Amino acid sequence: MGFTFGFWFPADLTRRLMVFGSQQPSEPIRLDAVRAIRSLERLLGRVLGEDVRLTLAFGEELGTILIDPGHLEQVLVNLAMNARHAMPRGGELRIELAA
């Protein structure tokens, strides 16, 4: 069973906001770590803006992770927002996964 991150559909946005506000319980599922993060690449790029470059690097055979998809997205978006504010003149946010 796979999971695809959908962006900005009304029902999905409502769910994400409820997770963010801790009004919805966590629902961890097994996700392919690489696919989960790659599916957020466009969103993270938009959050970072034009001056901060996003670089993703993945080791081999990472397997799956057990996480709530909404929480994973929230953590990575917060990371991207912090990176953008920390590098007002531009730079690189590198997300690297290794086993």
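Reader: Before anything else, what counts as a helix or a strand here, and how are they numbered?
Author: Helices (H or I, at least four residues) and strands (E, at least two) are DSSP runs, and they are numbered from the N terminus. With that in hand, the elements of this chain follow the order α-β-α-α-β-β-α-β when read from the N terminus, and the chain has four helices and four strands. This is a predicted model, in which local features need pLDDT of at least 70 and side-chain atom pairs count only at pLDDT 80 or more, while totals for chains, interfaces and linings use all residues. Residues are numbered from 1 along each chain as its sequence is written, and side-chain values use heavy atoms, with hydrogens and water left out.

Reader: OK, and what share of the chain is buried?
Author: Of the 99 residues in the chain, 31% are buried, where buried means under 20% relative accessible area, exposed means over 50%, and partly exposed is in between (1.4 Å probe, protein chains only). The accessible surface of the chain comes to about 6700 Å², and carbon and sulfur atoms account for 55% of that surface; such areas come from the Shrake-Rupley method with a 1.4 Å probe, and for residues only the protein chains shown count as cover.

Reader: Which residues have the most contacts inside the largest nonpolar core?
Author: They are Leu44, Leu48, Leu54, Leu76, Leu93 and Ile95, within a core of 18 residues. At least two residues of this core come from each of helix H2 (33-38), helix H3 (41-48), E2, H4 and E4, and H4 gives the most, with five residues. A nonpolar core here is a set of buried Ala, Val, Leu, Ile, Met, Phe, Trp, Tyr and Cys residues joined through side-chain atoms within 4.5 Å.

Reader: Take one of those, then: what does leucine 48 touch?
Author: Not counting residues up to four places away in sequence, leucine 48 touches Leu54, Ala80, Ala83, Arg84 and Leu93, a contact being heavy atoms within 4.5 Å. For the chain as a whole, among contacts between residues at least 6 apart in sequence, 82% join residues at least 24 apart.

Reader: Leu54 and Leu93 keep coming up, so how do E2 and E4 pair?
Author: E2 and strand E4 (residues 91-97) pair in the parallel sense over seven bridges, and two strands are said to pair if DSSP finds at least two bridges between them. Within this pairing, leucine 93 in E4 is the bridge partner of leucine 54. Five of the seven residues of E2 are buried, so this strand is largely enclosed by the rest of the structure.

Reader: Switching topic, how many salt bridges are there?
Author: The structure holds three salt bridges, each being a side-chain nitrogen of Lys or Arg within 4 Å of a carboxyl oxygen of Asp or Glu. One of them joins arginine 53 and glutamate 92, whose closest N and O atoms are 3.5 Å apart. Arginine 53 lies in strand E2 and glutamate 92 in strand E4, so this pair ties together parts that are 39 residues apart in sequence.

Reader: And the others, where are they?
Author: Arginine 38 and glutamate 41 meet through their side chains at 3.8 Å, N to O, and arginine 38 is partly exposed at 43% relative accessible area, as is glutamate 41 at 33%. Arginine 94 and glutamate 96 meet at 3.1 Å, N to O; arginine 94 is partly exposed, with 47%, whereas glutamate 96 counts as exposed at 53% relative accessibility.

Reader: What about aspartate 68, is it buried or exposed?
Author: Aspartate 68 counts as buried, at 4% relative accessibility, and is found in the loop between E3 and helix H4 (69-86). Its side chain reaches the backbone nitrogen of glutamate 27 at 2.6 Å.

Reader: Last one: which residue has a positive phi although it is not a glycine?
Author: That is glutamate 61, with a phi of about 50°. Glutamate 61 lies in the loop between strand E2 (52-58) and strand E3 (64-67), and is exposed, with a relative accessible area of 76%.

How values were computed:
Polar contact = N/O pair within 3.5 Å; in protein donor to acceptor, adjacent residues only side chain to side chain.
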